[in-house]
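Here are a few short exercises to work through with the viewer open. Try each task yourself before you read its solution.

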Amino acid sequence: MRTLLFLRLALTVGVSALLVNATTTTGSNVINKLDSTEREQATANLEASLLSLLGFTKRPKPSSKVHVPESLWQLYNKQNTIKMANIARRGIHARSANTVRSFNHIETPVDDKFQSPNKFRLSFDVTSVPLEESLKASELRLSRTALPPATDKSRHLARILVHDIVRPGLKGRSKPMLRLIDSKTIDTRSNSTINLDVQPAVSRWLAERRENHGLLVQVIGENLKKDPHVRLKRSTESPDIWPSMSPTLYTYTDDGRNKMASAKEMMERRVKRAASGKKRRKDGRENCRRYPLYVDFVDVGWNDWIVAPPGYDAFYCHGDCPFPLSDHLNSTNHAIVQNLVYSANPSLVPKACCVPTALSSISMLYLDEENKVVLKNYQDMAVIGCGCR
């Protein structure tokens, strides 16, 4: 049976230390010995430990319901399928990134100055990206509405230009300083989303936080005079669908905690996991193996800011490391020698311990302190193999 967590828990990297008030007798006895004050303090300490592990100084408290972009849901589902710590998405050169953040355009009075639906300034506040994280890629995603076919086939083609506004203009005195950072030719008969590379602009914004003046996006084409094709600004006739169609900026960053596994290491993990079956000894004790442990974010009251998953299978390692150590116990040479010395003289060294030997990452969709939607991959959160060390 799965073990449910009913109190806050502390996880070390590797899920090797876990204090739980669960259905197990040992955990229940530990917590029951605490009085109410001690229990509250223990709960607060455990919650702080887990938040620190996840990279938070305090518990996020979303102020309102936030729309999660469909592309983030798709990427989240893909990451949970492949169980990789790094973000894997075609077209993005961010192999070592483990965090994706989404940003929506911030509406201001400046928006009213752009009367044409095909030219607009987009403003994004990226100050929530921590200074210690390294930007690996950034893209602007724009939605489109297919336009009716034109008689002349050449009129189906248009071009999107995106500029970094290096310096805004002063009315009557100077023009804005623009830097073209990406452009794409599009077919106005299509309604598929368009991704534009805006990493140069975002890199500059992160390095010079006060010099973020936004992006100027322009759509040029003969078939765009009457109806807008690329959705750059809010439309009064479709307010309900605007959250899913609004321009969105994505940043792909590396927080420095990610250690990518090679193909060889991943294969070794699968082999070790397959070999770590249930082994019961003649004396009734079980040898070192993996046990179920389910971390439930709903039960600990974190489902208001953790969008997905509602919980995850962390597992834990437990069992005996007998002498002599068998091959299926996934032991190191050092553990074999240690157990050999222990068998001869237990007072010299302790017995080899049952610990995690292979771990996998989990993906989490959550809302940060500023209500921004974040997809982050956390490494070494779930046990996939146990052994004697």
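## Exercises on a predicted model

Strand β14 (residues 354-367) and strand β15 (residues 373-388) are joined by 12 bridges in the antiparallel sense. Keep in mind that this is a predicted model.

**Exercise 1. Find the residue of β15 that stands opposite Ser-363, then place β14 and β15 in their sheet.**

Step 1. Ser-363 faces Asn-377 in β15.

Step 2. The sheet is open and has seven strands, in the order β6-β3-β8-β1-β15-β14-β11. Its pairing is antiparallel.

Step 3. At the edges are β6 (194-197) and β11 (306-308), each of which pairs on one side only.

Step 4. On average, neighbouring strands of this sheet are turned by 30° against each other, with direction ignored.

**Exercise 2. Decide whether Gly-385 is buried or exposed, and list what it touches.**

Step 1. Locate Gly-385 in strand β15.

Step 2. The relative accessible area of Gly-385 is 0%. Buried means under 20%, so Gly-385 is buried.

Step 3. Beyond its neighbours within four places in sequence, Gly-385 contacts Cys-317, Val-355, Pro-356, Thr-357 and Ala-358.

Step 4. For a distance check, take Ser-360, which is 25 residues from Gly-385 along the chain: their C-alpha atoms are 9.5 Å apart.

**Exercise 3. Describe how helix α4 is placed against the strands, and what covers its buried residues.**

Step 1. Helix α4 spans residues 199-207, and its buried residues are Ala-201, Val-202, Arg-204, Trp-205 and Leu-206.

Step 2. α4 lies across β3, β6 and β8, and runs at about 125° to β3.

Step 3. The cover over the buried residues of α4 includes β3 (134-142), β4 (157-167), β5 (177-187), β7 (215-220) and β8 (248-254).

**Exercise 4. Classify Ser-128 and Val-337 by their relative accessibility.**

Step 1. Ser-128 sits in the loop between β2 (119-122) and β3. Its relative accessibility is 15%, so Ser-128 counts as buried.

Step 2. Setting aside residues up to four places away in sequence, Ser-128 touches Arg-101, Phe-103, Asp-368, Glu-370 and Lys-372.

Step 3. Val-337 belongs to helix α7 (residues 333-344). With 47% relative accessibility, Val-337 counts as partly exposed.

Step 4. Together with Val-341 and Leu-348, Val-337 makes a nonpolar surface patch of about 250 Å².

Definitions and conventions. Residues are numbered from 1 along each chain as its sequence is written. This is a predicted model: local features need pLDDT of at least 70, side-chain atom pairs count only at pLDDT 80 or more; totals for chains, interfaces and linings use all residues. Side-chain values use heavy atoms; hydrogens and water are left out. Buried means under 20% relative accessible area, exposed over 50%, partly exposed in between (1.4 Å probe, protein chains only). Helices (H or I, at least four residues) and strands (E, at least two) are DSSP runs, numbered from the N terminus. Contact means heavy atoms within 4.5 Å. Two strands pair if DSSP finds at least two bridges between them. Axes are lines fitted to C-alpha atoms, for helices over the stretch in contact, and angles run from 0 to 180 degrees between N-to-C directions. Patches are made of residues with over 30% relative accessible area and no salt bridge: like charges are joined within 9 Å, nonpolar side chains (Val, Leu, Ile, Met, Phe, Trp, Tyr) within 5 Å. Accessible areas come from the Shrake-Rupley method with a 1.4 Å probe; for residues, only the protein chains shown count as cover. A salt bridge is a side-chain nitrogen of Lys or Arg within 4 Å of a carboxyl oxygen of Asp or Glu.
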